[in-house]
Amino acid sequence: MSLKSFGAKIFASYITGKIKKWADHPIETQQKVFEKLIDAAQYTNFGNDHHFDKIKTHQDFVKHVPIRDYEALKPYVDKMVAGEADVLWPGKPLYFAKTSGTTSGVKYIPLTKDSMKTHPNSARNAILSYIAETGNTSFVDGKMIFLQGSPIMTEKNGIKLGRLSGIVAHYVPNYLQKNRLPSLETNCIEDWEHKVDKIVEETIDQDMTLIGGIPPWVQMYYERLIQKSGKTVGELFKNYQLFVYGGVNYEPYRRKLEDLIGRSVDSIELYPASEGFFAFQDSQTEKGMLLQLDNGIFYEFIKADEFFNENPKRITLKDVQLDVNYVMIISTTAGLWAYNIGDTVIFTSLKPYRVMVSGRIKHFISAFGEHVIGKEVEQAMLEASAGTDIKVTEFTVAPQVAPQSGLPYHEWMIEFENEGTGDLDAFAKALDTSLQAQNSYYFDLIEGKVLQPLKITRVAKDGFNEYMKSQGKLGGQNKIPRLSNDRKIADLLAVKQ
């Protein structure tokens, strides 16, 4: 065992002990976070406007601080972007994470001194939890790569702007710098396809032991490695042991990625976003990710099927239930208050509190009242393809409200890896059967002849990548929505067949 491996085991034991302390006292931990947040921001513009001096309980908070999305919070953010201090959080942000919004154009998500440190620490804790559980440390001696956005930043009124993954790249601990790939020069390349080619050049002869990134973009990296070498990823990287991912559910990609590797490797799921680092997989045997309760984030939850009511009930951690789809609301040390990040989660465990991301509150199909969510279509895809030779590269689902003939239906836009895909009618029936079993509203609509069973439309090879490229969203942290309540994506993909 190397000195670095030995040190990693000791550090893992220390950190997981600290994690256990707050995970074993979740309600007390969240109460402390809540009190510190309110106290710290009491004299900010937002704190004054929302009577933070009168907030002592969660009920007070609900009374004085309404739920907001970015658009509603934008007047405060605009002041910060203009250079004002003490607006949402004491002082000025260290950075703005720049993201693209559907209604607000460019979003500027503040990252403060208090919130920034939680991002690298949480990713570190996920890997240390893996080491503590499995005892596997040999990967720390090899090379590691995290496929991410460019670390190049611009500046606006004295505050640096960049993509979250690029900002976090500046916080890689010194003890990992020698193991880290790609080079800074390659990491700064903006064009994703050119960047992947350069990453392949820099890594193909290296002893890669850990690879991280969003699954569809890691898939592209694997495919380029195979094209260049004629070998599987596992043959190239004989010591490759650990895949770290976030952003999308790995399961729809697992079979494809493991085929490209030539074997299975352990994986760790992370739940980071520009707004905060919310959870990480702490166990290889338990389902879900450990919710970060001491990360300067106070969580509220609203049942997803009640979210669009006039006054939906906001609950805290102590009142959540297993297997209920919740919209997650956050208040943070970056100055986001009762903020709707748009994600929905389901609790898989209450001791400790673990979650899985079930979708986006705006990404669903309910054109006919069925409210189908991302988790359901992904599960249907897994069940339908199990035991078959069908391999799916990517897919998305949209309603077809006004077909040329017959009843409306759900249209599944699917890019298959293998051109000679088997019986698509049988595959579509299996998908539909699984979806009906998961969603009683959808079942009733099919049984009641309001909808006809789903239909599959084949998307041409590389059709999804071409679509993302046309939208300026190829690579990085971007991903295809699993489903939409309109046909904006589906119609563009249909044109590219």
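## The second largest cavity

In this predicted model, the second largest cavity has a volume of about 30 Å³. Its lining consists of Asn325, Thr344, Arg360, Ile361, His363, Phe364, His371 and Ile373. Sorted by class, these lining residues comprise three nonpolar, four polar and one charged.

## The largest cavity

Two cavities of 30 Å³ or more are present in the structure. The largest cavity encloses about 60 Å³ of space. It is lined by 15 residues, and Ser115, Thr118, Glu275, Gly276 and Ile297 are the closest to its centre. Two or more lining residues come from each of β2 (106-111), α7 and β10 (276-280).

The lining of the largest cavity is made up of nine polar, five nonpolar and one charged residues.

## The second largest pocket

The second largest pocket contains about 680 Å³ of space. A total of 24 residues line this pocket, and those nearest its centre are Trp22, Thr118, Asp294, Asn295 and Gly296. Three helices, α1 (3-23), α2 (26-40) and α7 (118-134), each give two or more residues to the lining. The largest share, six residues, is supplied by α2. By class, the lining of the second largest pocket has eight charged, nine polar and seven nonpolar residues.

## A residue at two sites

Thr118 is listed among the residues closest to the centre of the largest cavity, and also among those nearest the centre of the second largest pocket. The helix α7 spans residues 118-134. This helix gives two or more residues to the lining of the pocket and two or more to the lining of the largest cavity.

Key
Residues numbered from 1 in each chain as written. Predicted model: local features only at pLDDT ≥ 70, side-chain atom pairs only at ≥ 80, totals over all residues. Heavy atoms only, no water. 1 Å grid on protein atoms, 1.4 Å probe; cavity = no way out; pocket = protein on both sides within 12 Å on 5 of 7 lines; lining within 4 Å. Points joined across faces, edges and corners; volume = space filled by probe spheres on them. Helix = DSSP H or I, 4+ residues; strand = E, 2+ residues; numbered from the N terminus. Nonpolar A, V, L, I, M, F, W, Y, C, P; charged D, E, K, R; others polar.
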